[in-house]
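Subject: Structure handover

Hello,

Here is the structure for your files. My notes on cavities and one helix follow.

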Amino acid sequence: MARVYNFSAGPAVLPEEVLREAQAGMLDYKGTGMSVMEMSHRSAAFANIIETAEQDLRDLMAIPDGYHVLFLQGGATQQFAAIPMNIMQNKKADYIVSGSWSKKAAKEAKLYGDVNVVASSEDENFSYVPDVDGLKFDEDADYVYICQNETIYGTRYPKLPDTGSLPLVSDVSSMFLSEPVNVSDYGIIYGGVQKNVGPAGVVIVIVRDDLVREDVIPQTPTIMRYMTQVDAKSLSNTPPCWGIYVCGLVFKWLKGLGGLDVMKRMNEEKAAILYDFLDQSKLFKGTARKDCRSLMNVPFVTGDPELDAKFIAECKDHKIESIKGHRSVGGMRASIYNAMPKEGVQALVDFMGQFEKENL
């Protein structure tokens, strides 16, 4: 069966080149006589896999000295608790709520201390990102938290908040490795890989040295302490070996393309195809405000739920899959991650044009 254009928000499309390489080594990884899924995480072969993956990620993101890279389990959602457990020493944190994921993170953090929602865009169903200019943060806060790209609502921060001396913590799950970032702007930058980097089951946490502490909240499970994982180099327990291996292949693929500057240009070109169509369409309308549109997740509607359902059903005849929007927004959502080819976005727009002519 021919591959479809998979617009799923996660688990999401992976580069075909990466999938074929993983397939080729499924039964025998580099002469070991076994799959990566079968080998010990203490073996020399896997040590090379995880160490190479970390170095390639450091190269791609230009991660400076003074930051640790952790390959962990539990997804981004587990970090909603791990972050306050590890760094909320004053029992205070400031959160900017721009969508479902930052809202859930704030709710979880309230279990461990006082959470101040400094700004929120819930008043307009998270169709925009709060203006961060001039925001005042609590000097006693342990950190400031954002979700930099909200998958469900298709918004991203056009600029980062100025947090002064307070560490900025950012969930970048849906935009991970889609464009360059200045890691030094963050105390912690992390993301679940299943949207843009690899298969579900891995979360990558990049944490600054001074935030890896022994004086964590006492009830913090040993396995969720950053110090535990830093000391063990992500091998405190059996890690998600296969997922880390595929992430490493994706890192190699990105480096082969020319890195994150090249990837950003490619993503901007893909997003422009879809947004340009939406901006002139008489039937389809984007739901995110133009000044904070995501390059990765594009929600849109016709305004008629029955027509939306018809469009989603007919997409399957055009090899377009997983286009249905999240229930909190409705309509459609196209997640156009790194591995989505330009021709996939063009195929979607071509069908949208055809559907508009037939249904106006």
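What volume does the second largest cavity have? About 50 Å³. A cavity here is a set of points on a 1 Å grid over the protein atoms alone, where a 1.4 Å probe fits but cannot get out; lining residues have an atom within 4 Å of a point. A volume is the space filled by probe spheres set on the points, which are joined across faces, edges and corners.

This is a predicted model, with local features needing pLDDT of at least 70 and side-chain atom pairs pLDDT 80 or more, while totals for chains, interfaces and linings use all residues. Numbering runs from 1 along each chain as its sequence is written, and side-chain values use heavy atoms, without hydrogens and water.

The structure has 2 cavities of 30 Å³ or more. The largest holds about 60 Å³. Its lining includes Met61, Phe176, Glu179 and Leu260. The second largest is lined by residues including Pro15, Lys195, Trp253 and Tyr337.

Now helix 3, residues 75-87. Helices are DSSP runs (H or I, at least four residues), numbered from the N terminus. Its 13 residues should span 18 Å (1.5 Å times one less than the number of residues). The end C-alpha atoms are 18 Å apart, which agrees. There is a kink of about 30° at Ala81, shortly before Pro84. The bend is the angle between axes fitted to the seven residues ending there and the seven starting there.

Helix 3 is largely enclosed by the rest of the structure, because 10 of its 13 residues are buried (under 20% relative accessible area, 1.4 Å probe, protein chains only). Both Ala81 and Pro84 are among the buried residues.

Best wishes

Methods. On a 1 Å grid over the protein atoms alone, a cavity is a set of points where a 1.4 Å probe fits but cannot get out, and a pocket is an open set with protein on both sides within 12 Å along at least five of seven lines; lining residues have an atom within 4 Å of a point. Helices (H or I, at least four residues) and strands (E, at least two) are DSSP runs, numbered from the N terminus. Buried means under 20% relative accessible area, exposed over 50%, partly exposed in between (1.4 Å probe, protein chains only).
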